[in-house]
Amino acid sequence: MDSKAKGRTTPRGIGRRKFLKYSAGTAAAGAIAATLPAPAVFAARPIKIGMVSPETGPIAAFGEADRFVLEGINKALKGGIKIGSQTHPVEIIYKDSQSNPNRASEVAAQLINNDRVDLMVASSTSDTCNPVSDQCELNGVPCITSDDPWQAWFFGRRGNPAEGFEYTYHFFWGFDQVATTFADMWKTMPTNNIVCTMFTNDPDGIAANGDHGMPPLFRSKGFDVRQLGLYPPLSDDFSAQIRELKKNDADIACGIFNPPQFATFWTQCAQQGYQPKIMTPPKAILFPTAVEALGPRGEGTSTEVWWSHHHPFQSGLTGETAQEFCDAYTAATGKQWTQPIGFKHANIEVAVDVLKRSASLKPEDIVEAIADTDYKSLVGPVTWKGGGPKNPIKNVCTTPLVGGQWKKGEKFPFDLHIVYNGSAPEIPLDSAFEPIKYS
Amino acid sequence: MEWLNVLIQGSLLGGLYALFAIGLSLSFGIMRLVNIAHGDLIVLCAYVALIVVQGTGLDPVSSLIIVLPVMFVAGYLLQRGLLNFTLEGGLLPPLLVTFGISVIIQNALLLGFGAYTHRLQQGAIETQSLVLPGDIAIGVYPVIIFAVAVLSIAGLQLLFFKTKIGRAFRAASDDADTAELMGINKRHLFALAMAIAMIFTALAAVLFAIRTNFDPASGPTRLILAFEAVIIGGLGSMWGTLIGGMILGIAQAVGAALSPTWQILAGHLAFLVILIILPSGLFPRTRD
């Protein structure tokens, strides 16, 4: 009873007067500390970089490497960044988008209003890049995004090519590059020139199937294109499409699938005896685990390659080459490298380079530094000042794209070989493009 | 001939949907439990099978020797330890609790296995096919799935109508409180029903995981198909569930043959039409 009573009085023990006395004391101590010569390394306020990425939810595979990437970057930034005469410590505040555009927008607003970040980075599909960019544009916070085809980022946000955006910049390849890469890659192999296309009925698929999408581009390259149309994203059965593929006798099948639908489709193709020479399902076979899930039938499928361990680039921040970075990732996680991890790293690297060149931490100065970027990143050169095909729009920087094919691997079940590099000859070929083998 | 092919492929797909629906049909029919987590439980079972396959080197189908008993026990504990407590307060508590379970399963799997997709591999049988006259190729594996669905439902039918425990199930389904007055331990009986439901869920999961990819987020899309199959067939009727699955599958196949865009929509439309004409499904057995 006694102790209970005591316990209750203690919090009340600090009365108004005592509180004032204590707080005055701390304030005085703070004032003294400020007048003394700074004993700490960093006298300046920390620079805050906000980062939004899908760590959980359906597209979490894109964010798998986030922790690893941040660890490396934080190590490289231990010494802080010098802006003007002051060295600022750097704090990267990471937020999970939960693979949800509304959530991405919400956490971006939190980063802007509560954490007061100086610069924002975001990556992985329109569901992350677009809402975060929109928040930043609205609030006047500089933002750099990546890993989303640039048309989806720019036109998806109703951008006007003549005006562009003020605060938001993006680097990645575009849909036109993918279609060109596929068509030119297919041409390196003799086929009957018949291409059948099929796409999911979602924003990606509708854009790819449309008048400015892939089929017209394939036609302009001389292919006989038969469009099998859009199919629902959750489809469990593709026998209707396979009947058409067989009827059309297509040597080349190309389509945007989600991984589970492609697994179903490709198994049914085998059951129904449809054996194309070329099967190009971008997106479905982006991750090596998705190819492993196909079993032996994963071998020979082809896709676009944005980045690989053999890309001849190195990080301007850490000095690591693509190969070294991938090896470190495998050593740390036991997992095979994937294409998004390079872009995750580059996204933050570019932000750091911008801050290093910025005259101050004012948003206008940071934006000026972004526009003036000419940086060699882990995924290749990034610049927003060149114009031409590299910068189709002032806020967009394109990155090189090559063609790849999954082949039997050495350390892991499958390796992604670069088999076509016509559009970016600086990226070395791993092997020749081959027809799919059926036993 | 082409339409015959459409019909065959659609029916085979329906077998898969019926298999998804058996577990749901049981918990719905006996306990009036609307199990929102059913799709995620299917995915959970697939991951359990993945662990067994990777740990023991067994092939996926043989892994059922371990997976089925494990899920039987898990189902019993889930019902006895948690879901039984939600059944007293009307329709909403089980909905909310199973919704919570669904979220927990998805995130726990993401934490444990990452977001990457997996598939179980059974080897050559996956792609073997029988070619019928008229150039109709039928996959051996879809036929196996269909056969398993039919046999499962026949087995359950025997259990319900030829055994003592089956009579208890039916009694509890008709009026759980009166059944309890007759000396049936409702809590134990419901837990047993969930345990049996989980056996068929696990069976569906392994066959599904051989057929296509799964990842932690692929559960909810399975739920709606299972629901529709149960509702079309009529509450509490196992054969109805099979017919419900087949109607869904055939409707989808016909829709896809007309235009690929209509595939899923056609299934949902068939569901709606039947719901309008026969609100309690084709072969309703239970009365509420």
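**Figure 1. Helices and strands of chain A.** Chain A holds 15 helices and 17 strands, as seen in this predicted model. Along the principal axes, the C-alpha atoms of chain A fill a box of roughly 90 × 60 × 40 Å. The chain has 439 residues, and 53% of them count as buried. Looking at contacts in chain A between residues at least 6 apart in sequence, we find that 70% join residues at least 24 apart.

**Figure 2. An open sheet of four strands in chain A.** Reading across this sheet, the order is β9-β8-β10-β11, and the pairing is parallel. At the edges stand β9 (224-231) and β11 (278-280) of chain A; each has a single partner strand, so one side of each is left without a neighbour in the sheet. On average, and with direction ignored, neighbouring strands here are turned by 15° against each other.

**Figure 3. Where β10 meets β11 in chain A.** This close-up turns to one pair from the sheet. Strand β10 of chain A covers residues 252-256 and runs parallel to β11(A), with three bridges joining the two. If you would like a residue to start from, try I252(A): its bridge partner in β11(A) is I278(A).

**Figure 4. Helix α10 across the strands of chain A.** Here we add a helix to the picture. Helix α10 of chain A, made of residues 239-248, lies across three strands of chain A, namely β8 (194-200), β9 and β10. Relative to β8(A), helix α10 runs at about 165°. For orientation, β8 and β10 sit next to each other in the order of the sheet, while β9 is one of the strands at its edges.

Key
Residues numbered from 1 in each chain as written. Chains lettered and ligands numbered in written order. Predicted model: local features only at pLDDT ≥ 70, side-chain atom pairs only at ≥ 80, totals over all residues. Buried ≥ 20, exposed ≤ 12 C-beta atoms within 10 Å, placed from the backbone. Contact = placed C-beta atoms within 7 Å. Pairing = 2+ DSSP bridges. Axes fitted to C-alpha atoms, helices over the stretch in contact; angles between N-to-C directions.
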